[in-house]
Amino acid sequence: MVSALFVCLGNICRSPLAEAAFRDAAARAGLAAEADSAGTGNWHVGSPPDPRSQAVALAHGVDISDLRARQVSAEDFRRFDWILALDPQNLRDLRRIAPADGTARLLLLNDLVPGLEGEPVPDPYYGGEREFETVWAMVQAGAEGLVRAMRAEES
Ligand code: 4NP
């Protein structure tokens, strides 16, 4: 069983979609995996995903309404095999708070997508439906890239 944690700023827009995308990609690939998501910030702790994230997921057949936001913790760096940052600022923040005994592999989600290395999944919070569709498409590609990377490590 392999585990992955997806981290953005608020854990209400991007990372819940990444978590759902990865669950789906892993299931399709027959990969036994555990997934969760968290935010570097604590403003939205306990909240369900943003209604626009719920809507884009539902439009693609996925219900994420039962997810609840939480803040990333030191324990996450010991508990998860992989921690995927949605944008470079999230990655910097995660590096700053990573405990010395953390074992998780920490990287940018888009570093697993050929051609998008170093690029953010853009924060859609101040955007609209189009921005949320872009996030949806990007996290699908990221999830596929992560499944490929996990598979490559297995063999
Ligand atoms: P997320 O989006 O990091 O993708 O969940 C955001 C959610 C909330 C805020 C910013 C980004 N905020 O400033 O409250």
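How are helix 1 and helix 5 oriented to each other? Let's find out in a set of close-up views of this predicted model.

**View 1. Helix 1 crosses helix 5.** Here we look at helix 1, residues 14-29, and helix 5, residues 129-154. Their axes come within 8 Å and cross at roughly 45°. An angle of 35 to 65 degrees falls in the oblique class, and the two helices are therefore oblique to each other. The crossing of helix 1 and helix 5 is right-handed. On the helix 1 side, the residues that make contact include Leu-17, Ala-21, Phe-22 and Ala-25. On the helix 5 side, look for Val-139, Ala-143, Leu-146 and Val-147, among others. Sorted by class, the residues of this contact divide into 14 nonpolar, one polar and four charged.

**View 2. Helix 2 also packs against helix 5.** Helix 2 meets helix 5 at an angle of about 60°, and their axes are 10 Å apart. That angle makes helix 2 oblique to helix 5. This crossing is right-handed. Helix 2 brings Arg-52, Ser-53, Val-56 and Ala-57 to the contact, while helix 5 brings Phe-132, Glu-133 and Trp-136. By class, there are four nonpolar residues, one polar and two charged in the contact of helix 2 with helix 5. Trp-136 is worth a second look: this residue of helix 5 takes part in the contact with helix 2 and is also listed in the contact with helix 1.

**View 3. Arg-14 pairs with Asp-87.** Side chains of opposite charge can pair when their charged atoms come close. The structure holds 13 salt bridges, and one of them joins Arg-14 to Asp-87, with the closest N and O atoms 2.9 Å apart. Where do Arg-14 and Asp-87 lie in the chain? Arg-14 is in helix 1, and Asp-87 is in the loop between strand 3 (82-85) and helix 4 (88-97). The pair links distant parts of the chain, 73 residues apart. Both Arg-14 and Asp-87 are buried. Arg-14 also belongs to the contact between helix 1 and helix 5.

**View 4. A salt bridge inside helix 3, and a network around it.** Arg-79 and Asp-76 both lie in helix 3 (residues 76-79), three residues apart, which is about one turn of the helix. Their side chains meet in a salt bridge of 4.0 Å, N to O. Are the two partners buried or exposed? Arg-79 is partly exposed, with a relative accessible area of 43%, whereas Asp-76 is buried, with a relative accessible area of 2%. This pair has company: Glu-34, Asp-36, Arg-70, Asp-76 and Arg-79 are linked in a network of salt bridges.

**View 5. Arg-78 reaches Asp-101.** Another residue of helix 3, Arg-78, forms a salt bridge with Asp-101. The closest N and O atoms of this pair are 2.9 Å apart. Asp-101 lies in the loop between helix 4 and strand 4 (105-108), so the pair ties together parts that are 23 residues apart in sequence. Asp-101 is partly exposed at 46% relative accessibility, and Arg-78 is partly exposed at 35%.

**View 6. Ser-3 in strand 1 and its neighbours.** Ser-3 sits in strand 1 and is buried, with a relative accessible area of 6%. Leaving aside residues up to four places away in sequence, Ser-3 touches Glu-34, Arg-79, Phe-80, Asp-81, Trp-82 and Met-150. Two of these neighbours, Glu-34 and Arg-79, are members of the salt-bridge network in View 4.

**View 7. Three loop residues to find.** Asn-11 lies in the loop between strand 1 (2-8) and helix 1, and it is buried at 2% relative accessibility. Most residues other than glycine have a negative phi. Phi of Asn-11, however, is near 60°, a positive value. Thr-40 is in the loop between strand 2 and helix 2 (51-59) and counts as buried at 16% relative accessibility. The residues Thr-40 touches include Val-7, Cys-8, Gln-71 and Asn-90. Gly-30 is found in the loop between helix 1 and strand 2 (33-39) and is exposed, with a relative accessible area of 66%. Gly-30 and Val-147 are 117 residues apart in sequence, but 9.9 Å apart in space, C-alpha to C-alpha.

Note on methods. Residues numbered from 1 in each chain as written. Predicted model: local features only at pLDDT ≥ 70, side-chain atom pairs only at ≥ 80, totals over all residues. Heavy atoms only, no water. Axes fitted to C-alpha atoms, helices over the stretch in contact; angles between N-to-C directions. Helix = DSSP H or I, 4+ residues; strand = E, 2+ residues; numbered from the N terminus. Parallel < 35°, antiparallel > 145°, perpendicular 65-115°, else oblique. Left-handed = near helix turned anticlockwise from the far one by under 90°. Contact = heavy atoms within 4.5 Å. Nonpolar A, V, L, I, M, F, W, Y, C, P; charged D, E, K, R; others polar. Buried < 20%, exposed > 50% of the residue type's maximum accessible area, 1.4 Å probe, protein only.
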